[in-house]
Amino acid sequence: MALALVMAGFVYLAWVLACWAAKEAAVGLADAPELGRLATAAVTVFNSPARYIFDILGPIWMLASLYLVIRASRQRRIISWSWLLISCQAIAAILIAAGAAFAHLGTYKRSGGLFARAADWFPAVLVVAVLIWLATLGWLLYDYRFGRRPRTIRDTAKTHAYRR
C-alpha cells in the first residue's frame with residue numbers, strides 16, 4: 001500500500017509534466033507555417049480550450065487511485081485495482097509526452113527563448129493535488145496508528161478473502 005501511495009503521487013507529477021510539455025509544444029507549433037498530421041492534432045488538442053480537460057482529469061485520476069489505496073488499506077478491495085489505475089495514468093502520461101515530442105520534431109525552430117510564448121498552465125491544480133496526496137498519506141498514517149482496530153500480523157492472510 002505504501003508503494004502504491006507513493007507511486008500515485010509520482011505518477012501524477014509525471015502527468016503534470018507531460019501535459020505541460022504537450023501544451024508548450026502546441027503553443028510553439030501553433031505559429032509554424034507547415035504542420036504534419038501529428039503536429040496538427042497536438043495543436044488542435046493542446047492549444048485549445050480542450051487542454052483544460054487534462055488539468056482536471058489528472059487530479060481526478062490520482063484521487064481515484066488514492067481512494068482505491070484507502071479501500072485496500074481497510075481490506076475492502078485488492079490493491080491491484082489501485083495499481084491498475086496508477087499504471088494506466090503513467091502510460092497515458094508517457095503517450096502524451098511522446099506524442100508532444102514527436103509532433104515537435106523538425107517543425108519548430110526556437111526564436112528568442114526556449115519557446116516563442118509560454119503555454120498557460122494552472123499551478124494551483126498541482127498544489128491542490130499535492131495537498132490531497134499529503135492529506136491521504138496523513139490520514140492513512142493516522143488510521144494505521146489510531147484506527148478502529150489495531151493491525152495484526154494476520155491481516156495479510158485475509159488478502160484472498162476480499163470482496164472483488
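A residue counts as buried here when its relative accessible area is under 20%. By that cut-off, buried residues make up 35% of the 164 residues in this chain. The model is predicted.

**Stop 1: the whole chain**

Show the chain as a cartoon. You will find 5 helices and 0 strands. Followed along the sequence, the pattern is α-α-α-α-α. Now turn to the contacts between residues at least 6 apart in sequence: 79% of them join residues at least 24 apart.

**Stop 2: helix 1 and helix 2**

Select residues 2-29 for helix 1 and residues 37-46 for helix 2. Their axes are 8 Å apart, and the packing angle is about 110°. Helix 1 and helix 2 are therefore roughly perpendicular, since angles of 65 to 115 degrees fall in that class. Their crossing is left-handed.

Show side chains at this contact. From helix 1, pick Ala-22, Lys-23, Ala-26 and Leu-29. From helix 2, pick Ala-39, Ala-42, Val-43 and Phe-46. By class, the contact of helix 1 with helix 2 holds 7 nonpolar residues, no polar ones and 1 charged.

**Stop 3: helix 1 and helix 3**

Keep helix 1 and add helix 3. Here the axes come within 10 Å and cross at roughly 170°. That makes helix 1 roughly antiparallel to helix 3, because the angle is over 145 degrees.

On the helix 1 side, select Ala-4, Leu-5, Ala-8, Tyr-12, Trp-15, Cys-19 and Lys-23. On the helix 3 side, select Phe-54, Asp-55, Leu-57, Gly-58, Pro-59, Trp-61, Met-62, Leu-66 and Val-69. The contact of helix 1 with helix 3 divides into 13 nonpolar residues, 1 polar and 2 charged. Lys-23 of helix 1 appears here and also in the contact with helix 2.

**Stop 4: along helix 3**

Select residues 52-73. Helix 3 has 22 residues. From its first C-alpha to its last it reaches 32 Å, close to the 32 Å expected at 1.5 Å a residue. Step just past the end of helix 3 to Gln-75, where phi is positive, at about 60°.

**Stop 5: helix 1 and helix 4**

Hide helix 3 and show residues 79-104, which form helix 4. The axes of helix 1 and helix 4 come within 8 Å and cross at roughly 20°. That makes helix 1 roughly parallel to helix 4. The crossing is left-handed. In the contact of helix 1 with helix 4 there are 24 nonpolar residues, 3 polar and no charged ones.

**Stop 6: the buried residues of helix 4**

Check the span of helix 4. At 1.5 Å a residue its 26 residues should cover 38 Å, and the end C-alpha atoms are indeed 38 Å apart.

Which residues of helix 4 are buried? Select Ser-82, Ile-86, Gln-89, Ala-92, Ala-93, Ile-96, Ala-100 and Ala-103. Bring helix 3 back into view. The buried residues of helix 4 pack against helix 1, helix 2 and helix 3.

**Stop 7: Ala-100**

Centre on Ala-100 in helix 4. Its relative accessibility is 6%, so Ala-100 counts as buried. Setting aside neighbours within four places in sequence, Ala-100 is in contact with Ala-21, Ala-22 and Ala-25.

Finally, draw a distance from the C-alpha of Ala-100 to that of Ala-42. It reads 6.7 Å, although the two residues are 58 apart along the chain. Ala-42 belongs to the helix 2 side of the contact at stop 2.

Notes:
Residues are numbered from 1 along each chain as its sequence is written. This is a predicted model: local features need pLDDT of at least 70, side-chain atom pairs count only at pLDDT 80 or more; totals for chains, interfaces and linings use all residues. Side-chain values use heavy atoms; hydrogens and water are left out. Axes are lines fitted to C-alpha atoms, for helices over the stretch in contact, and angles run from 0 to 180 degrees between N-to-C directions. Helices (H or I, at least four residues) and strands (E, at least two) are DSSP runs, numbered from the N terminus. Angles under 35 degrees count as roughly parallel, over 145 as roughly antiparallel, 65 to 115 as roughly perpendicular and the rest as oblique. A crossing is left-handed if the near helix is turned anticlockwise from the far one by less than a right angle, and right-handed if clockwise. Contact means heavy atoms within 4.5 Å. Ala, Val, Leu, Ile, Met, Phe, Trp, Tyr, Cys and Pro count as nonpolar, Asp, Glu, Lys and Arg as charged, and the others, Gly among them, as polar. The expected span of a helix is 1.5 Å times one less than its number of residues. Buried means under 20% relative accessible area, exposed over 50%, partly exposed in between (1.4 Å probe, protein chains only).
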